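The following exercises are to be worked with the sequence and the three-dimensional model at hand. Each task is followed by a solution in steps.

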Amino acid sequence: FFGEILFLLSRSYNQNGEDNEALKYSEKLLNLLENKNIKSGTETWYAQIGASYAVLNNNQNAEKYFEKSIEIYKKTKNYNNAIPTMVSLAATKIGLTKYQEAENILKEAENFNFNYHGDDPGFKIQIYSMYLGLYAKSNKINEFNEILVKFYSTTSDHSKGMFPGYNVPTDNYISYIAPTIDLIINLPNKWHQKNATFFKMF
């Protein structure tokens, strides 16, 4: 019963954007689960706490909790949640200037998507977005341009699949994806603020 109250408080504060309060009750709930040796669901709360720290720009703690969450997701083969959490971890690594580690995580997420999700375009867009942010931050212009073409192609195909008859501009695709470019150039804060809603579903 006490655990349910902590859960409801954490979710309520999180949905209202009160990240410090959400973090406080998430940590209390996680401590309760760990003290009672309850394993089920801890990966969700690790991810939730990681997201709260990320939004608060505490990348060191965000990194730690995202990694704990991903470790369990991998063990349980829950790739549906592992992939977006890995992308968020990559954003955190970029914020810590751990560029090579971020690239390795994105490659692994890309492999998971290809092997277990049939190369899902939604996941591809997330992964390509973070690659763009990584290469922009690390000044890898050639790699940035290569991913930019893939990103545009994927978003174009995905949009056409969702909205038949919709024509994505081909003459100036930079303007078409400009909002995403702005988002990833300003990593990691804007990414975490935009994607915090992923964790608000729990």
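The exercises below proceed from the overall fold to helix packing, aromatic pairs and a single loop residue. The model is a predicted one.

**Exercise 1. The fold**

Determine how many helices and strands the protein chain has, and what share of its residues is buried.

Solution.
- Step 1. The protein chain has 11 helices and zero strands.
- Step 2. Along the sequence, the pattern is accordingly written α-α-α-α-α-α-α-α-α-α-α.
- Step 3. Of the 202 residues in the protein chain, 46% are buried.
- Step 4. Among contacts between residues at least 6 apart in sequence, 57% link residues at least 24 apart.

**Exercise 2. The packing of α2 and α3**

Classify the relative direction of α2 and α3 from the angle between their axes, and list the residues that make the contact.

Solution.
- Step 1. Helix α2 covers residues 19-35, and its axis lies 9 Å from that of α3, at an angle of about 155°.
- Step 2. Angles over 145 degrees count as roughly antiparallel; α2 and α3 are therefore roughly antiparallel to each other.
- Step 3. The crossing of α2 and α3 is left-handed.
- Step 4. On the α2 side, the contact consists of Asp19, Leu23, Ser26, Glu27, Leu29, Leu30, Leu33 and Glu34. On the α3 side, the contributors are Thr42, Trp45, Tyr46, Gln48, Ile49, Ser52, Tyr53 and Val55.
- Step 5. By class, the residues of the contact of α2 with α3 are nine nonpolar, four polar and three charged.

**Exercise 3. The packing of α4 and α5**

Carry out the analysis for α4 and α5: give the crossing angle, the handedness and the composition of the contact.

Solution.
- Step 1. The axes of α4 and α5 come within 9 Å and cross at roughly 155°.
- Step 2. The two helices, α4 and α5, are therefore roughly antiparallel to each other.
- Step 3. Their crossing, that of α4 and α5, is left-handed.
- Step 4. Residues of α4 in the contact include Phe66, Ile70 and Tyr73, and those of α5 include Met86, Leu89 and Thr92.
- Step 5. The residues of the contact of α4 with α5 comprise eight nonpolar, seven polar and four charged.

**Exercise 4. Aromatic pairs**

Establish how many aromatic pairs there are, and describe the geometry of Tyr53 with Tyr65 and of Tyr131 with Tyr135.

Solution.
- Step 1. The count comes to six aromatic pairs.
- Step 2. Tyr53 and Tyr65 form one of them, with 5.9 Å centre to centre and 20° between the planes. Planes under 30 degrees apart count as stacked, and the pair of Tyr53 and Tyr65 is stacked.
- Step 3. Tyr53 lies in helix α3 (residues 42-55) and Tyr65 in helix α4, so the pair ties together parts 12 residues apart in sequence.
- Step 4. Tyr53 is buried, at a relative accessible area of 12%, and Tyr65 is buried, with a value of 12%.
- Step 5. Tyr131 and Tyr135 form a stacked pair, 5.8 Å centre to centre with 15° between the planes.
- Step 6. Tyr131 and Tyr135 are four residues apart in helix α7 (residues 121-137), so about one helical turn separates them.
- Step 7. Tyr131 is buried at 3% relative accessibility, and Tyr135 is buried at 6%.
- Step 8. Tyr46, Tyr53 and Tyr65 form one aromatic cluster.

**Exercise 5. A loop residue**

Locate Lys77 and decide whether Lys77 is buried or exposed.

Solution.
- Step 1. Lys77 sits in the loop between α4 (59-75) and α5 (79-95).
- Step 2. The relative accessible area of Lys77 is 61%; exposed means over 50%, so Lys77 is exposed.
- Step 3. Lys77 and Phe112 are 35 residues apart in sequence, and their C-alpha atoms are 9.8 Å apart in space.

Terms used
Residues are numbered from 1 along each chain as its sequence is written. This is a predicted model: local features need pLDDT of at least 70, side-chain atom pairs count only at pLDDT 80 or more; totals for chains, interfaces and linings use all residues. Side-chain values use heavy atoms; hydrogens and water are left out. Buried means under 20% relative accessible area, exposed over 50%, partly exposed in between (1.4 Å probe, protein chains only). Rings of Phe, Tyr and Trp (its six-membered ring) pair if their centres lie within 6.5 Å; planes under 30 degrees apart count as stacked, over 60 as edge-to-face and the rest as tilted. Axes are lines fitted to C-alpha atoms, for helices over the stretch in contact, and angles run from 0 to 180 degrees between N-to-C directions. Angles under 35 degrees count as roughly parallel, over 145 as roughly antiparallel, 65 to 115 as roughly perpendicular and the rest as oblique. A crossing is left-handed if the near helix is turned anticlockwise from the far one by less than a right angle, and right-handed if clockwise. Contact means heavy atoms within 4.5 Å. Ala, Val, Leu, Ile, Met, Phe, Trp, Tyr, Cys and Pro count as nonpolar, Asp, Glu, Lys and Arg as charged, and the others, Gly among them, as polar.
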